[in-house]
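Here are my notes from a pass through the model. Have it open while you read.

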Amino acid sequence: MKEKILFGGYTRRIGKGIYQAELDTETESISQPEVYLEVPQATYLALSKKNILYTVCKDGENGGVRAYDLNGEKPQLINEVMAVGAPPAYVSVDEDRQLVYGANYHKGEVLVYRIAENGGISLASSVTHVGDGPRPEQESAHVHFTDLTPDHRLVACDLGIDAVVSYDVNDAGDLTKVATYRTEPGYGPRHIVFNPNGKIAYLLGELSSNVQVLNYQNDGSFSLVATYSLIPTDFTEHNGSAAIRISNDGRFLYASNRGHNSITVFAIAGDGRELQLIQRISTEGDFPRDFNLDPTESFVVCANQNTDNTTLYRRNSETGRLTKIQQDIQTPESVCVLFR
């Protein structure tokens with residue numbers, strides 16, 4: 001079987017934006033990536049069920065989100081919504097409400113876009129967070145993640161104010177804040193994933209290099225269960241943890257570390273509230289901002305931003321452990337891995 005992979009990335013040095021490659025699950029190899037779409041600063045991607053690609057983009061002094069129709073022989077630009085300043089850092093799709101969510105790190109904004117019949121988008125609403133934290137990276141609010149909870153609320157991780165904010169969303173895209181979870185100062189919430197049981201979440205802290213296990217309640221609130229380190233205790237160099245993924249069966253948790261340049265693997269025990277460290281494996285490059293499990297969950301693909309290379313791992317579904325099978329796949333400035 002051949003699975004298509006899209007790599008989104010920066011265009012500061014040698015990157016062209018979005019690259020495409022194929023993972024051959026029989027030969028266990030990834031083809032040489034080729035330029036798919038030249039999109040400036042395409043640092044995060046989301047794909048709808050209608051095969052519409054939503055990508056972060058930048059145009060001069062403006063930043064925003066573009067919509068591309070991928071149903072034809074070649075991708076077709078539908079439209080874009082831009083605003084003065086930096087583009088978002090994250091984008092996701094709400095299929096039920098036909099909305100797209102964006103997280104603008106530099107502006108501290110939660111953005112909601114309405115999806116039109118043709119897949120194009122228009123800005124429906126936005127909320128701006130206010131505050132700061134004790135670390136130099138926390139001089140203001142920095143929303144880094146906006147995606148759905150199991151009960152279809154919107155959850156926003158704000159690295160700058162050490163908070164996870166839950167919102168109710170109506171069909172028009174209006175947001176109503178229902179709960180705020182505060183981490184310890186300097187934790188730096190970046191991304192969050194949920195256990196399939198819908199009651200437990202795992203919050204990655206970029207600045208702390210930790211993952212917190214959280215209870216998730218019916219009212220949209222979170223409470224702390226336990227905290228686990230993503231890097232060895234004797235590692236003293238700078239690290240910024242980046243992406244976090246969970247297997248569909250809820251048995252294994254994966255997180256990437258930029259600096260330690262590794263993927264940390266945990267087994268999830270019991271009801272999901274306990275993690276057991278089982279592996280830390282090198283990403284064979286520098287600054288692994290994103291990685292992803294393929295649709296079969298037999299492989300993991302990890303992109304290293306600073307060394308412009310991607311590494312392929314075989315994944316053991318019984319043990320959760322990763323085994324490197326290919327490295328040095330050329331992916332210029334790539335920071336997002338999305339399977340089509």
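The points below take up one strand and its neighbours, then a threonine, then the cysteines.

1. Before anything else, keep in mind that this is a predicted model. The numbering I use starts from 1 along each chain as its sequence is written.

2. Have a look at strand 23, residues 262–269. How many of its residues are buried? The count is 8 of 8, so the strand is mostly covered, with buried meaning under 20% relative accessible area. In a regular strand, side chains alternate between the two faces of the sheet. Here both faces are covered: Ser262, Thr264, Phe266 and Ile268 are buried on one side, and Ile263, Val265, Ala267 and Ala269 are buried on the other.

3. Now the partner before it in the chain. Strand 22 (residues 252–258) runs antiparallel to strand 23, and 6 bridges join the two. If you want a landmark for the register, Phe252 stands opposite Ala267. The hairpin leaves 3 residues between these strands, and Gly259 takes a positive phi there, near 130 degrees.

4. On to the other partner. Strand 24 (residues 274–282) also pairs with strand 23 in the antiparallel sense, over 8 bridges. Which residue of strand 24 is the bridge partner of Ile268? That would be Leu275. This pair makes a hairpin too, with 4 residues between the strands. Gly270, in the turn, has a positive phi of about 55 degrees.

5. Thr146 deserves a look of its own. This residue sits in strand 13, residues 143–148. Is Thr146 buried or exposed? Buried, because its relative accessibility is 0%. Leaving aside residues up to four places away in sequence, Thr146 touches Tyr90, Ser92, Tyr101, Gly102, Ala103, Val110, Leu154, Val155 and Ala156. With Ala103 there is a polar contact as well: the Thr146 side chain reaches the backbone nitrogen of Ala103 at 3.3 Å. For a sense of scale, Val35 is 111 residues from Thr146 in sequence and 27 Å away in space, C-alpha to C-alpha.

6. Last, the cysteines. A disulfide is a covalent bond between the sulfur atoms of two cysteines. With a cut-off of 2.5 Å between sulfurs, the count comes to 0 disulfides. Cys57 is in none, and its nearest cysteine sulfur, that of Cys336, is 14 Å away. Cys157 is likewise in no disulfide, and for this residue the nearest cysteine sulfur is again that of Cys336, at 16 Å. Cys57 counts as buried because its relative accessibility is 0%. Cys157 is buried as well, with a relative accessible area of 0%.

Technical notes:
This is a predicted model: local features need pLDDT of at least 70, side-chain atom pairs count only at pLDDT 80 or more; totals for chains, interfaces and linings use all residues. Side-chain values use heavy atoms; hydrogens and water are left out. Buried means under 20% relative accessible area, exposed over 50%, partly exposed in between (1.4 Å probe, protein chains only). Two strands pair if DSSP finds at least two bridges between them. Contact means heavy atoms within 4.5 Å. A polar contact is a pair of N or O atoms within 3.5 Å; within protein, one must be able to donate a hydrogen and the other to accept it, and residues adjacent in sequence count only if both atoms are side-chain atoms.
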